[in-house]
Structures are given as C-alpha cells and as structure tokens.
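Here's a quick tour of a small set of features worth finding for yourself. Keep the sequence and the 3D view side by side as you read.

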Amino acid sequence: MGLEDMNGVLREELGRVVAVCDLDPKRLAEGKRRAEAHYKKKGESSVSVKTYTNFKELLADPTIDAVVVSLPDH
C-alpha cells in the first residue's frame with residue numbers, strides 16, 4: 001500500500017519524496033530505491049532519500065513539509 005501511495009506522489013510535479021519510513025528493512029530499502037531511481041531517471045545525478053524506522057524522528061525533521069501515511073485497510 002505504501003509503495004503505491006508513494007508512486008502517486010512521484011507522479012506529481014508539486015510533490016517530492018525526500019524520505020521513507022518503515023519498520024521492515026526490505027520495504028524501507030525498496031522505497032528508497034524506487035524514489036531515487038525515479039529522480040535519477042528524470043536526469044538528477046545526485047539523489048539521496050532519507051530513511052527512518054522511527055516515525056517520530058521523521059516527524060521531527062524540519063526539512064520535511066508534509067507526510068503521507070499509508071495503512072492497511074484491516
């Protein structure tokens with residue numbers, strides 16, 4: 001669910017994925033990889049997406065303006 005929501009943000013010109021947060025290290029790495037690959041494909045040479053396993057640290061980051069929270073429907 002989170003990767004699909006992130007893909008929605010990546011399609012928007014007004015949004016930019018600057019960080020991903022997940023407890024699962026595999027999902028966290030995949031989110032980072034997808035976001036960085038997206039921006040590199042658009043021609044950006046130096047792309048670095050931050051990663052967090054603790055959402056409180058993500059929320060405390062003053063460089064982040066908005067957060068998309070993705071939860072399963074159950």
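This predicted model holds 6 salt bridges. Below you'll meet several of them, then the nonpolar core, the helix α1 and a patch on the surface.

**Salt bridges**

- Let's start with R16 and E44, whose side chains meet in a salt bridge, 2.7 Å from N to O.
- That pair links distant parts of the chain: R16 sits in the loop between α1 and β1 (19–21), while E44 sits in the loop between α2 and β2 (50–52), 28 residues apart.
- R16 is partly exposed, at 42% relative accessible area, and E44 is partly exposed too, at 29%.
- Next come E36 and K32, whose side chains also meet in a salt bridge (2.7 Å, N to O).
- Why are E36 and K32 separated by about one helical turn? Because they are 4 residues apart in helix α2.
- Is E36 buried or exposed? E36 has a relative accessible area of 13%, so it counts as buried, whereas K32, at 25%, counts as partly exposed.
- K50 forms a salt bridge with D61, and the closest N and O atoms are 2.7 Å apart.
- Since K50 lies in strand β2 and D61 lies in the segment after α3, this pair ties together parts that are 11 residues apart in sequence.
- K50 counts as partly exposed at 37% relative accessibility, but D61 counts as buried at 9%.
- There's a network as well: E30, R33 and R34 are joined into one by salt bridges that share partners.

**The nonpolar core**

- In soluble globular proteins, nonpolar side chains tend to be buried together.
- Which residues make up the largest nonpolar core here? There are 9 in all: M6, L10, V17, V20, L28, A35, Y39, V47 and V49.
- Two helices, α1 (2–11) and α2 (25–41), each supply at least two residues of this core.
- The largest share, 3 residues, comes from α2.
- Try clicking on V20, one of the core residues. Leaving aside its neighbours within four places in sequence, V20 is in contact with M6, L28, G31, K32, V49, K50, T51 and Y52.
- Two names on that contact list should ring a bell from the salt bridges: K32, the partner of E36, and K50, the partner of D61.

**Two sides of α1**

- The buried residues of helix α1 are M6, N7 and L10.
- Looking down the axis of α1, you'd find its buried residues within an arc of 105°, so they line one face of the helix.
- What do the buried residues of α1 pack against? They pack against β1 and α2.
- Now turn to the other side of α1, where E4 and R11 are exposed.
- M6 and L10 turn up twice in this tour, as buried residues of α1 and as members of the largest nonpolar core.

**A nonpolar patch on the surface**

- Some nonpolar residues form a surface patch: F55, L59, V67, V69 and L71 make one of about 530 Å².
- Where is L71 placed? L71 is in the segment after α3 (55–60).
- L71 has a relative accessible area of 61%, so it counts as exposed.

Technical notes
Residues are numbered from 1 along each chain as its sequence is written. This is a predicted model: local features need pLDDT of at least 70, side-chain atom pairs count only at pLDDT 80 or more; totals for chains, interfaces and linings use all residues. Side-chain values use heavy atoms; hydrogens and water are left out. A nonpolar core is a set of buried Ala, Val, Leu, Ile, Met, Phe, Trp, Tyr and Cys residues joined through side-chain atoms within 4.5 Å. Buried means under 20% relative accessible area, exposed over 50%, partly exposed in between (1.4 Å probe, protein chains only). Contact means heavy atoms within 4.5 Å. Patches are made of residues with over 30% relative accessible area and no salt bridge: like charges are joined within 9 Å, nonpolar side chains (Val, Leu, Ile, Met, Phe, Trp, Tyr) within 5 Å. Accessible areas come from the Shrake-Rupley method with a 1.4 Å probe; for residues, only the protein chains shown count as cover. A salt bridge is a side-chain nitrogen of Lys or Arg within 4 Å of a carboxyl oxygen of Asp or Glu. The arc is that of the directions from the helix axis to the C-beta atoms.
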